[in-house]
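Thanks for coming. I have one structure to walk through today. Please have a look at it on the screen first.

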Amino acid sequence: MSQTNKDADDSVEKLIASQISQWDLARSNYMDLENAMLRTVILDNGCRIKIQFNPSRMRSSAARVDKKSVSRRRCFLCSGNLPDQQRGLVFEDRYLILVNPFPIFSRHLTIPLKEHTDQLIGGRFDDMLRLSRFLDSFIVFYNGPQCGASAPDHFHFQAGNKGFMPIEEEYHHFSRKLIAGKEGCTIEAMDGYYRNTLVLSGKNNEVLTTFFGKIYHILRQSQESGDEPMMNILAGYEDGLWRVFIFPRRAHRPRQFFEKDDGQILISPASVDFGGVWITPRREDYDKLDSETVMDIFAQVSYGGMEWQNIKNILCNHK
Ligand SMILES: [Zn+2]
């Protein structure tokens, strides 16, 4: 680990420790998380999904993120509106690294841009790479404005400690197809992972950013509406190499979210769910989720069939 990263680790660890000791809301939610119920569902392909019962995430899972609702509430990521007890670290003068007081991970950060501007990844993928290198004991993630971000009006990343999401390890065992390569950087596809996934790997951030630009452009062409193509992204850095998982999305919420009574499952899949940890704020959903339902929901909200094939074909032919 380089000196810089060790320094970053130390300062982030200090921030987390001091926030948990001095901020009641954070302390209580991190303590609850330690005892949170967690069970594992095994999918047909042998991959694992952890189900976490986490009532404090209700406001995120059920958040109203339409423009009208968002414009009516006070932005909770603007520095002037942060709780008095919240402290942060500055990254590259532009981002604030904050402890997320409603954690999914035992170490969970929210990283807003200082400026109040829309949640759009275009032009900021490189920021994500540098941030994941800086926070190299974390996975940095991005939820698109219609893909689970509860502040679609204020640009932010999040980060959670490594070693919690099954995809980090499953990537190494799951069969992958090489789609494109350049200067030691690759784009691979994980077909049959029940959420069709593109994986960028390599040591050259410029090439990876170019790869991302191509994927963004192709997705843009296949999705006519919205401010940006729907997607979730996870990025990690280890031993000089980035690995980035991109999940193209065709829907924000599954049919079950809108059903009434017993049929309803309050789940809004976002990056962490795609990484293999499903967050259920309600006990009945925690009890109800089984492998069949997980696979059905992934199929509804991910790319599939011809549209997935098309993306791979275009990327293959792109030079
Ligand atoms: Zn804001």
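How many bridges join strand 6 to strand 11? Four, and the two strands run antiparallel. One caution before I go on: this is a predicted model.

Let me stay with strand 6, residues 138-143. Strand 11 is one partner. Strand 7, residues 156-161, is another. Strand 6 and strand 7 also pair in the antiparallel sense, again over four bridges. For the register, take two positions. Ile139 has Gly160 of strand 7 as its bridge partner. Asn143 stands opposite Asn232 in strand 11. As a reminder, strands of a sheet pair through backbone hydrogen bonds, either parallel or antiparallel.

Is strand 6 buried on one face or on both? On both. One side carries Phe138, Val140 and Tyr142. The other side carries Ile139, Phe141 and Asn143. Every one of these is buried, six of six residues.

Now the core. The largest nonpolar core has 77 residues. Which residues have the most contacts inside it? Val140, Ile233 and Val244. Val140 we have just met, on strand 6. Take Ile233 next, leaving aside its neighbours within four places in sequence. Its contacts include Phe141 and Tyr142. They also include Val244, Phe245 and Ile246. Met128 and Ser271 complete the list.

Next, helix 7, residues 205-222. A quick geometry check. The helix has 18 residues, and at 1.5 Å a residue it should span 26 Å. The end C-alpha atoms are 26 Å apart, so the model agrees with the expected span.

Which residues of helix 7 are buried? Leu208, Phe211, Phe212, Ile215 and Leu219. Seen down the helix axis, they fall within an arc of 100 degrees, so they line one face. The face turned away from that buried side carries the exposed residues Glu206 and Gln221.

What covers the buried residues of helix 7? Among the helices, the cover includes helix 5 (125-134) and helix 12 (305-317). Among the strands, it includes strand 9 (185-190), strand 10 (197-202), strand 11 (231-238) and strand 12 (241-248). So strand 11 comes up twice: it pairs with strand 6, and it helps to cover helix 7.

Helix 2, residues 24-34, is the next stop. Its buried residues include Ala26, Asn29 and Tyr30. Down the axis, the buried residues of helix 2 fall within an arc of 100 degrees, so they too line one face. Asp24 and Met31 are exposed on the face turned away from the buried side.

Glu34 is also in helix 2. Why does Glu34 count as exposed? Because it has 7 C-beta neighbours inside 10 Å, and the cut-off for exposed is 12 or fewer. Glu34 and Tyr286 are 252 residues apart in sequence. In space, C-alpha to C-alpha, they are 17 Å apart.

Last, a sheet of three strands. It is open, in the order 1-2-13, and the pairing is mixed. The edge strands are strand 1 (38-42) and strand 13 (277-280), each pairing on one side only. The twist averages 25 degrees from one strand to the next. Strand 1 and strand 2, residues 48-53, pair in the antiparallel sense over five bridges. For the register here, Leu38 has Gln52 in strand 2 as its bridge partner.

That is my tour. Questions, please.

Methods. Residues are numbered from 1 along each chain as its sequence is written. This is a predicted model: local features need pLDDT of at least 70, side-chain atom pairs count only at pLDDT 80 or more; totals for chains, interfaces and linings use all residues. Two strands pair if DSSP finds at least two bridges between them. Axes are lines fitted to C-alpha atoms, for helices over the stretch in contact, and angles run from 0 to 180 degrees between N-to-C directions. The expected span of a helix is 1.5 Å times one less than its number of residues. A residue is buried if 20 or more other C-beta atoms lie within 10 Å of its own, exposed if 12 or fewer, and partly exposed in between; C-beta atoms are placed from the backbone. The arc is that of the directions from the helix axis to the C-beta atoms. Two residues are in contact if their C-beta atoms, placed from the backbone, lie within 7 Å. A nonpolar core is a set of buried Ala, Val, Leu, Ile, Met, Phe, Trp, Tyr and Cys residues joined through C-beta atoms within 7 Å.
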